[in-house]
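Here are a few short exercises to work through with the model open beside you. Try each task before reading its solution.

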Amino acid sequence: MTRFWPFAAFAALVVFLYIGLGRDPHEIPSPLINKPAPTFTLPELYNPAKQFSSQDMKGQVWLLNVWASWCVSCREEHPVLMELSQRHIVPIYGLDYKDTNAQGEAWLREGGDPYTLVATDANGHVGIDFGVYGVPETYVIDKQGVIRYKQIGAITHENLQQKILPLVAELQAK
Amino acid sequence: MKYLLILLITLLPAISYAGQAKDMAKDPVLEQRMIHLTQNLRCLVCQNESLAASQADLAKDLRQEVRDKMKQGMTDKEIIAFMVSKYGDFVLFDPPMQRNTILLWYGPFGLLLIGLASLVYQLRKRRKSVLEVKMSAEEAQRTAALLNEPKAPQT
């Protein structure tokens with residue numbers, strides 16, 4: 001029996017280390033989940049004279065996708081967003097984060113534009129408000145303007161099917 | 001020649017010192033306060049670096065944000081609360097004592113107690129097993145004989 005204890009302790013340690021290995025240290029739980037999304041008013045990408053206000057989105061479920069032309073993972077994510085936009089399930093609003101309008105527009109011309117509207121956050125202040133620390137990030141915001149989910153990193157077919165779309169359907173039914 | 005080379009190599013760290021990330025230090029007092037505060041905050045991009053030392057773009061922006069908030073008259077506590085509200089407890093290098101960190105704070109003491117308890121247990125057990133060995137009458141006689149034997153002169 002006494003011989004068994006060191007082995008049990010070792011096995012427990014192995015289990016903890018294994019769990020630790022499986023966790024992604026870049027996915028930090030956001031404290032903003034289930035809190036009202038920060039409100040912002042920002043110039044539109046195609047028409048900088050016009051301002052987009054997040055208040056206008058009250059009453060519908062929408063996705064806020066934070067992206068930039070300099071962001072590598074955004075290229076990976078882009079085809080998934082294009083596909084999603086063609087299905088017309090949920091409006092995708094883009095936040096062009098710390099980018100220039102010229103480069104942002106060029107990027108969308110090249111890869112296609114999945115966004116209902118794109119606002120520009122040139123100095124990154126709105127990004128800080130949303131707790132953005134790595135683009136791409138996507139927020140699911142409900143009819144009351146509350147953040148329900150945050151996807152850190154690229155949207156893939158898997159997390160779209162498993163997490164985002166079921167949540168959107170549920171929120172839209174409310 | 002060899003000594004010159006060694007001398008140069010030993011001097012290398014002195015000239016390659018990277019230092020804190022520099023930004024515009026218009027107000028040295030404020031800058032000092034900002035660095036002092038951000039040393040205890042984690043940069044979310046390069047997670048083991050402090051916000052004060054990181055060269056990531058986000059860290060630069062956040063240092064500016066901290067400066068702005070200081071200029072607006074916010075206290076260090078309020079600024080830390082702001083950072084936590086945006087990025088969670090993860091930004092704190094010094095985790096607060098709360099429900100989900102109890103294990104972190106008291107776990108080591110718990111392990112120490114378990115260790116002490118098992119040590120005491122083992123020692124008691126050993127004492128018992130040592131006491132249990134009893135000499136037979138014959139052994140006692142032999143021991144007495146040996147002890148009473150005059151010492152052989154040492155050669």
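**Exercise 1. Work out the secondary structure of chain B and describe how the chain is laid out.**

Solution. Keep in mind that this is a predicted model. Start by counting elements: chain B has six helices and zero strands. Reading along the sequence then gives the pattern α-α-α-α-α-α. Next, look at burial: 14% of the 155 residues of chain B count as buried. For contacts with a separation of 6 or more, residues 24 or more positions apart supply 44% in chain B. Finally, consider the division into domains: chain B splits into domain 1 (21-96) and domain 2 (100-147). Taken over C-alpha atoms, the centres of these two domains of chain B are 53 Å apart.

**Exercise 2. Find the partners of strand β6 of chain A and decide how its two faces are covered.**

Solution. Begin with the neighbours. Strand β3 (residues 62-67) of chain A runs antiparallel to β6(A), and five bridges join them; here A:V66 stands opposite A:E137. Strand β7 (residues 147-152) of chain A also pairs with β6(A) in the antiparallel sense, over five bridges, and A:I141 has A:I147 as its bridge partner.

Now follow the chain from β6(A) to β7(A). The two strands form a hairpin with five residues between them, and A:G145 in the turn has a positive phi of about 80 degrees.

Then sort the side chains. In a regular strand they alternate between the two faces of the sheet. On one side of β6(A) you find A:E137, A:Y139 and A:I141, on the other A:T138 and A:V140, and all of these are buried. That fits the count for residues 137-141, where five of five are buried.

**Exercise 3. Check the length of helix α5 of chain A, then locate its kink and its buried residues.**

Solution. First, estimate the length. Helix α5 (residues 157-173) of chain A has 17 residues, so at 1.5 Å a residue the expected span is 24 Å. The C-alpha atoms at its ends are 22 Å apart, which agrees.

Second, look for a bend. α5(A) has a kink of about 35 degrees at A:I164, shortly before the proline A:P166.

Third, ask which residues are covered. A:I164, A:V168 and A:L171 in α5(A) are buried. An α-helix has 3.6 residues a turn, so residues three or four places apart point the same way. To close the loop with Exercise 2, the elements that cover the buried residues of α5(A) include β6 and β7 of chain A.

Key: Residues numbered from 1 in each chain as written. Chains lettered and ligands numbered in written order. Predicted model: local features only at pLDDT ≥ 70, side-chain atom pairs only at ≥ 80, totals over all residues. Helix = DSSP H or I, 4+ residues; strand = E, 2+ residues; numbered from the N terminus. Buried ≥ 20, exposed ≤ 12 C-beta atoms within 10 Å, placed from the backbone. Contact = placed C-beta atoms within 7 Å. Pairing = 2+ DSSP bridges. Expected span 1.5 Å × (residues − 1). Bend = angle between axes of the 7 residues up to and from the residue. Domains from an automatic or database assignment.
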